[in-house]
Amino acid sequence: MAPLISEDLPCAPESIDLYRSELELRKPTSLSKDTDKCEKTPVRGIGFDLANIVREAVRTGQATHGVFQCADLLTTNPDNVMLCILPDASDHCDVTVHIQHTLIQAFCWENDIQMIKVDSVDKLAVLLKVKSTNDAVCGPVSCALIQFPSGDLSPEMERVSQYIDHVTFSDVYPRPVIRLPE
């Protein structure tokens with residue numbers, strides 16, 4: 001069964017069916033009537049929020065990537081890790097990639113670290129400012145960890161966290177794969 005790909009899903013719906021129905025009904029922009037400003041604000045999806053989180057983590061030095069670097073951080077300071085990002089490797093036939101991802105996922109589950117899968121190794125490499133290799137799923141972007149910020153969580157982090165919680169607690173299988181923006 002192919003993984004569910006999430007494009008522009010709203011952030012905290014009551015059910016996955018609501019995600020699908022809102023996705024069909026939503027327009028690219030919406031009017032904000034609750035604020036003093038009456039301007040158009042874009043409706044963005046989880047992929048855009050996740051991309052902004054990764055960019056900010058890279059800028060502040062709170063992003064770690066690569067299996068060995070991530071494993072080192074997970075063993076030395078798992079309480080400081082907010083999010084684990086794994087590229088979808090369902091089409092990759094190398095058993096070592098599957099084993100690495102399974103072990104990282106198990107460690108994250110055990111330490112209550114939120115996990116999310118993304119659709120493209122290349123897009124993740126661009127966000128992490130890493131030169132992608134021919135075998136990028138096994139390379140420097142096979143896993144990425146985002147550490148907690150020193151201050152409060154940004155609105156993007158809140159939305160992504162709510163989305164992950166919702167998907168996790170609603171027993172959606174297979175887990176959605178987030179489509180990162182181009």
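**Exercise 1. Two sides of a helix**

Task: on the face of helix 3 turned away from its buried side sit the exposed residues F68, T75 and T76; find which residues of helix 3 are buried and what covers them.

Solution. A word before we start: this is a predicted model.

- Step 1. Go through helix 3, which spans residues 67-76, and pick out its buried residues: V67, C70, L73 and L74.
- Step 2. Look down the axis. These residues cover an arc of only 130 degrees around it, so they lie on the same side of helix 3.
- Step 3. Search for the cover. What lies over the buried residues of helix 3 includes strand 4 (63-65), strand 5 (81-87), helix 4 and strand 7 (144-147).
- Step 4. Turn to the face pointing away from the buried side, and you meet F68, T75 and T76, which are exposed.

**Exercise 2. The chain as a whole**

Task: work out how many helices and strands the chain has, and in what pattern they follow along the sequence.

Solution. Now let us step back from the single helix.

- Step 1. Count the elements: the chain has 6 helices and 8 strands.
- Step 2. Read them along the sequence, and the pattern is β-α-β-β-α-β-α-β-α-β-α-β-α-β.
- Step 3. Add the contacts. Taking those between residues at least 6 apart in sequence, 77% join residues at least 24 apart.
- Step 4. Check burial and surface. Of the 182 residues in the chain, 42% are buried. The chain exposes about 10700 Å², and 53% of this comes from carbon and sulfur atoms.

**Exercise 3. Salt bridges across and along the chain**

Task: take the salt bridges D49 with R159 and R59 with E56, and say where the partners of each pair lie.

Solution. Side chains of opposite charge can pair when their charged atoms come close.

- Step 1. The structure holds 4 salt bridges. In the one between D49 and R159, the closest N and O atoms are 2.8 Å apart.
- Step 2. Place the two partners: D49 is in helix 2 (residues 46-60) and R159 is in helix 6 (residues 155-169), so this pair, 110 residues apart, links distant parts of the chain.
- Step 3. Compare each value with the cut-off. D49 has a relative accessibility of 1% and counts as buried, because buried means under 20%. R159, at 25%, is partly exposed.
- Step 4. Go on to R59 and E56, whose side chains meet in a salt bridge with an N to O distance of 2.5 Å. Both residues belong to helix 2, 3 residues apart, which is about one turn of the helix.
- Step 5. Look at their exposure: R59 is exposed, with a relative accessible area of 62%, whereas E56 is partly exposed at 34%.

**Exercise 4. A small network**

Task: follow the salt bridge between K123 and E182, then name the residues that form one network with shared partners.

Solution.

- Step 1. Begin with the distance: the closest N and O atoms of K123 and E182 are 3.1 Å apart.
- Step 2. Locate the ends. K123 is in helix 5 (residues 121-128) and E182 is in the segment after strand 8 (177-178), 59 residues apart, so the pair links distant parts of the chain.
- Step 3. Weigh up the burial: K123 is buried, with a relative accessible area of 15%, while E182 is exposed at 86%.
- Step 4. Widen the view: salt bridges with shared partners join D119, K123 and E182 into one network.

**Exercise 5. The surroundings of Q114**

Task: decide whether Q114 is buried or exposed, and find which side chain it joins in a polar contact.

Solution.

- Step 1. Q114 is in strand 6, residues 114-118.
- Step 2. Its relative accessible area is 18%, so Q114 is buried.
- Step 3. The side chains of Q114 and D165 are joined by a polar contact of 2.8 Å.
- Step 4. Setting aside neighbours within four places in sequence, Q114 is in contact with M82, L83, C84, S161, I164 and D165.

**Exercise 6. Positive phi angles in loops**

Task: describe where D112 and K129 lie.

Solution.

- Step 1. D112 lies in the loop between helix 4 and strand 6. Though not a glycine, D112 has a positive phi of about 55 degrees.
- Step 2. K129 is in the loop between helix 5 and strand 7. K129 is not a glycine either, and its positive phi is about 60 degrees.
- Step 3. Finish with accessibility: D112 is exposed at 72%, and K129 is exposed at 70%.

Key: Residues numbered from 1 in each chain as written. Predicted model: local features only at pLDDT ≥ 70, side-chain atom pairs only at ≥ 80, totals over all residues. Heavy atoms only, no water. Helix = DSSP H or I, 4+ residues; strand = E, 2+ residues; numbered from the N terminus. Buried < 20%, exposed > 50% of the residue type's maximum accessible area, 1.4 Å probe, protein only. Polar contact = N/O pair within 3.5 Å; in protein donor to acceptor, adjacent residues only side chain to side chain. Contact = heavy atoms within 4.5 Å. Areas by Shrake-Rupley, 256 points an atom, 1.4 Å probe, with all protein chains shown as cover. Arc of directions from axis to C-beta.
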